[in-house]
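Here is a short tour of one protein chain, written for someone new to reading structures. Have a look at the picture, then follow along.

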Amino acid sequence: MDIVLLIGGLILILAGANALTDGAASIAKRFHISSLVIGLTIVAFGTSAPELTVSIVSALKGSADMAIGNVVGSNLFNILMIVGCTAAIVPIHVTKGTLSKEIPLCILASIVLSICSNDVLINKAAANTISCSDGMLLLCFFLIFLGYTFAIARNGSGEGESKVKEMPTGRSIVFIVGGLAGLVYGGQFFVNGASGIARGLGVSESIIGLTLVAGGTSLPELATSVVAALKKNPEMAIGNVIGSNLFNIFFVLGCSATISPLNIQGITNLDLGILTGSCVLLYIFGWFFKERTITRIEGIILIACYIGYTIYLISLS
C-alpha cells in the first residue's frame with residue numbers, strides 16, 4: 001500500500017506541476033510577460049514544485065529530516081546525476097556568466113544552508129534547527145536571486161527564450177487549480193508512502209529523503225535536461241540545474257522553515273559538505289581541463305560520485 005501511495009503521489013505531483021506551469025505560463029504570456037522571464041521564474045518554479053510540496057507537507061507532519069533530505073538529496077541528484085547524464089550524452093558548454101556568477105551563487109547557497117544547519121557547532125545550542133528566522137533569511141536570499149534573474153531578463157537579447165503554449169483563459173485557470181490540487185494531494189500521498197516505506201524497512205527518514213524522495217521529485221529536471229541534450233541543446237541543463245538548486249534552498253527550505261521550524265537529526269555535516277563539494281566540483285570542471293566545457297569523462301565522474309554517495313548511504317542503513 002505504501003508503494004502505491006508513493007507512486008500515485010509522485011504521478012499526481014508531476015502531473016500537477018506540469019499543469020500548474022502550463023496554466024500560469026499561458027496567463028503570464030497573455031499579459032505580455034516575456035518568454036524569458038516566464039522561463040526563468042514560472043517554469044523554474046514548476047520544476048521545483050515537487051520539492052516544495054514534499055518539503056512543506058513533511059515539515060507540517062513533523063518529518064523535518066525528510067524535508068531537508070529532500071532538498072539536499074535533490075540538489076545532489078541535480079548536479080551529479082542530471083549534469084553528469086547530460087554531459088555523458090553531449091558535452092556541455094558553460095557560459096562565462098554562469099561560471100562567474102550563477103555557479104558561485106549556488107556554492108554560496110550551500111554554504112548558507114550549512115551555516116543555518118549548525119546551531120550546535122556555531123551557537124553551542126542543544127540541537128540543530130532551521131528556525132523561522134533562518135527561513136525568512138533564506139527567503140530574503142531568494143528575493144535577491146529573483147532580482148538578479150529579472151535583471152538578466154531585462155538586459156538579455158531574447159535568445160534562448162522558452163516557448164510558451166498559449167491556451168484560453170478558462171482552460172488556463174482549470175490547469176492552475178487542477179495543478180495545485182494535484183500538488184497538494186499528491187504531496188500528502190507521497191510523504192505518507194515514503195514514511196511508511198522508511199518505517200517498514202527500518203531506514204531513517206533522512207536517508208529516504210536523500211535518495212528515494214529526492215530522485216522522485218527531481219524527475220522534472222531530469223526529463224527537461226535529457227530531452228535538451230538529445231535535441232543538441234545541452235547548455236539548458238546547467239541553467240535548469242542551477243535555477244532549481246537555488247529555488248530548492250532559498251525558496252523551498254525558506255518556506256518550509258518559516259511555516260514550521262525544521263529540527264535536524266539525520267542530515268549530517270558530511271551530507272552538507274558533499275553538497276557544497278559537488279557545486280565546487282562543477283565549477284572546477286567548467287573552468288579547467290577543457291575550458292568552459294563539461295566533457296563526457298567529467299560527466300561520468302559526476303555520475304560515479306553520486307553512485308558512491310548512494311552506496312555510502314545504503315551502508316548506513
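A helix here is a DSSP run of at least four residues marked H or I, and helices are numbered from the N terminus. That is how to read the label in this statement: valine 184 sits in helix H7. Keep in mind that you're looking at a predicted model.

**The whole chain**

Let's start with the big picture. The protein chain has twelve helices and four strands. Of its 317 residues, 52% are buried. Take the contacts between residues at least 6 apart in sequence: 84% of them join residues at least 24 apart. On the outside, the chain exposes about 13,800 Å², and carbon and sulfur atoms supply 69% of that.

**Helix H7 and a nonpolar patch**

Back to valine 184. Is valine 184 buried, partly exposed or exposed? Its relative accessibility is 44%, so it counts as partly exposed, since that class lies between the buried limit of 20% and the exposed limit of 50%. Valine 184 also belongs to a nonpolar surface patch of about 350 Å², together with Leu12, Tyr185 and Phe189. Helix H7, which covers residues 169–201, gives the patch its largest share, three residues.

Isoleucine 173 is in helix H7 as well. With a relative accessible area of 44%, isoleucine 173 is partly exposed. Now find glycine 23: it is 150 residues away from isoleucine 173 along the chain, yet their C-alpha atoms are separated by 6.4 Å.

**Serine 110 and helix H11**

Next stop is serine 110, found in helix H4 (residues 96–116). Its relative accessibility is 1%, so serine 110 counts as buried. Which residues does serine 110 touch, leaving out those up to four places away in sequence? They are Ile249, Leu275, Thr276 and Cys279.

Helix H11 runs over residues 269–287, and its buried residues include Leu275, Thr276 and Cys279. Asp271, Leu272, Ser278, Leu282, Phe285 and Gly286 are also among the buried residues of H11. You can check the length of this helix too. At 1.5 Å a residue, its 19 residues should span 27 Å, and the end C-alpha atoms are 27 Å apart, so the two agree. If you try the sum yourself, remember that the expected span is 1.5 Å times one less than the number of residues.

**Aromatic rings**

A pair of aromatic rings is described by the distance of the centres and the angle of the planes. Counting rings whose centres lie within 6.5 Å, the model has eight aromatic pairs. Two of them are set out here.

| Pair | Centre to centre | Angle between planes | Type |
|---|---|---|---|
| Phe142 and Phe247 | 5.1 Å | 75° | edge-to-face |
| Phe247 and Phe251 | 6.2 Å | 70° | edge-to-face |

What does the pair of phenylalanine 142 and phenylalanine 247 tie together? Phenylalanine 142 lies in helix H6 (residues 132–155) and phenylalanine 247 in helix H10 (residues 235–259), so the pair links parts that are 105 residues apart in sequence. Both phenylalanine 142 and phenylalanine 247 are buried.

The other pair stays inside one helix: phenylalanine 247 and phenylalanine 251 are four residues apart in helix H10, so about one helical turn separates them. Phenylalanine 251 is buried, just as phenylalanine 247 is. Put together with Phe145, the residues Phe142, Phe247 and Phe251 form one aromatic cluster.

Technical notes:
Residues are numbered from 1 along each chain as its sequence is written. This is a predicted model: local features need pLDDT of at least 70, side-chain atom pairs count only at pLDDT 80 or more; totals for chains, interfaces and linings use all residues. Side-chain values use heavy atoms; hydrogens and water are left out. Helices (H or I, at least four residues) and strands (E, at least two) are DSSP runs, numbered from the N terminus. Buried means under 20% relative accessible area, exposed over 50%, partly exposed in between (1.4 Å probe, protein chains only). Contact means heavy atoms within 4.5 Å. Accessible areas come from the Shrake-Rupley method with a 1.4 Å probe; for residues, only the protein chains shown count as cover. Patches are made of residues with over 30% relative accessible area and no salt bridge: like charges are joined within 9 Å, nonpolar side chains (Val, Leu, Ile, Met, Phe, Trp, Tyr) within 5 Å. A salt bridge is a side-chain nitrogen of Lys or Arg within 4 Å of a carboxyl oxygen of Asp or Glu. Rings of Phe, Tyr and Trp (its six-membered ring) pair if their centres lie within 6.5 Å; planes under 30 degrees apart count as stacked, over 60 as edge-to-face and the rest as tilted.
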